Amino acid sequence: MRARISSPESRRRAHELRAAADAVMVGAGTVRRDDPRLTARDAAGPDPVRVVVSRGARLPLDALVFATAREVPTILLATGDVAPEAAAVLDDRGVEIVRARDLRDGLAVLASRGLLEILLEGGPTLAGALLADELVDRLTVFVAPLVLGRGAPDLVALAAPAAVAEGLALSDVSWETTGRDAVCRARIVRSRVAAAPSQASAEWGPRAVPAEGATEGDD
Ligand SMILES: NC(=O)c1ccc[n+]([C@@H]2O[C@H](COP(=O)([O-])OP(=O)(O)OC[C@H]3O[C@@H](n4cnc5c(N)ncnc54)[C@H](OP(=O)(O)O)[C@@H]3O)[C@@H](O)[C@H]2O)c1
């Protein structure tokens, strides 16, 4: 069985966040690496719409989220070209393809369909890109009592600022515990941050956590 970073209480809490959201969003790298289900099965509420973001060129067509799209509505948000063959496979599985110029445009299209409260569960590359474009309002970080070293995925792929004062500042910060973990919730104070390249090629299993929502990227 796969080792977990977050406690069962934190994972349940993450599912509650999913159930409270209109949609849960991840980058295609997380789907390729973790093959998550992204349902709210440990919470009382409904499953959110699932949104996978990709430029479209290397889609994980056999992923669970796509295979189960007739059970839980699933959108591929593509900012680049999707090959007709891949589009046909996704269409056959019931996945809706939403095309957008970029992330900002993609969020606007989702909003126009009533998907306003979006729980971004990572991974670091997509979270970094959305933060750098100032498209994230709130952050929820689950902190497990575990120290992982260099080579583990970043929480968010942002370039280090030149000075501490130029980091991504947070306000309205609250801390609580879920099981053995701490949870920090905060609003993002607008700040100039730059996205950093992905670390996704690292051989890596479980993880620690990002943006408004998220615990382990299991499932
Ligand atoms: N700590 C956590 O809670 C947590 C959460 C999730 C994932 N993770 C970990 O993160 C690792 C994966 O990292 P990752 O950085 O590859 O994941 P990711 O951010 O989920 O996926 C990156 C992919 O998302 C798409 N993407 C990112 N920015 C985009 C943009 N501006 N426009 C369009 N598409 C964009 C691209 O897909 P295409 O390449 O298909 O174009 C890109 O390769 C895994 O090891 C996973 O376990 C951790």
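Me: Three strands form an open sheet with antiparallel pairing; in what order do they stand?
Reply: This is a predicted model, in which local features need pLDDT of at least 70, side-chain atom pairs count only at pLDDT 80 or more, and totals for chains, interfaces and linings use all residues. Residue numbers start from 1 along each chain as its sequence is written. Helices (H or I, at least four residues) and strands (E, at least two) are DSSP runs numbered from the N terminus, and two strands pair if DSSP finds at least two bridges between them. In this antiparallel sheet the order is E6-E8-E7.

Me: Which strands are the edge strands of that sheet?
Reply: An edge strand here pairs on one side only. That holds for strand E6 (138–143) and strand E7 (169–178).

Me: Which residue stands opposite Phe142?
Reply: E6 and strand E8 (residues 181–189) run antiparallel and are joined by six bridges. Across from Phe142, in E8, stands Val183.

Me: In the hairpin of E7 and E8, which residue takes a positive phi?
Reply: E7 and E8 run antiparallel, joined by eight bridges, and Trp175 stands opposite Cys184 in E8. The hairpin has two residues between the strands. The positive phi, near 60°, belongs to Gly179.

Me: At about what angle does helix H1 run to E7?
Reply: Helix H1 (residues 8–20) lies across E6, E7 and E8. Axes are lines fitted to C-alpha atoms, for helices over the stretch in contact, and angles between N-to-C directions run from 0 to 180 degrees. By that reckoning H1 runs to E7 at about 125°.

Me: Why does each of strands E4 and E5 have one side without a neighbour in the sheet?
Reply: The open parallel sheet has five strands in the order E4-E3-E2-E1-E5. Strand E4 (96–99) and strand E5 (118–120) stand at its edges, so each has a single partner strand.

Me: Which residue in E4 stands opposite Leu77?
Reply: Strand E3 (residues 74–78) pairs with E4 in the parallel sense over four bridges. Opposite Leu77 is Val98.

Me: Which helix packs on the sheet and touches strands E1 to E5?
Reply: Two residues are in contact if their C-beta atoms, placed from the backbone, lie within 7 Å. The strands touched are strand E1 (23–27), strand E2 (49–54), E3, E4 and E5. The helix, whose direction makes about 125° with that of E4, is H5 (residues 103–112).

Me: How many of the nine residues of helix H6 are buried?
Reply: A residue is buried if 20 or more other C-beta atoms, placed from the backbone, lie within 10 Å of its own, exposed if 12 or fewer, and partly exposed in between. What covers the buried residues of H6 includes E1, helix H2 (28–34), E2, H5 and E5. H6 (residues 124–132) is largely enclosed by the rest of the structure, because the buried count is nine of the nine.

Me: Which element gives the most to the largest nonpolar core?
Reply: A nonpolar core is a set of buried Ala, Val, Leu, Ile, Met, Phe, Trp, Tyr and Cys residues joined through C-beta atoms within 7 Å. Of the 48 residues in the largest one, Ala23, Met25, Val51, Val52 and Ile118 touch the most other members. The most, six residues, comes from H6.
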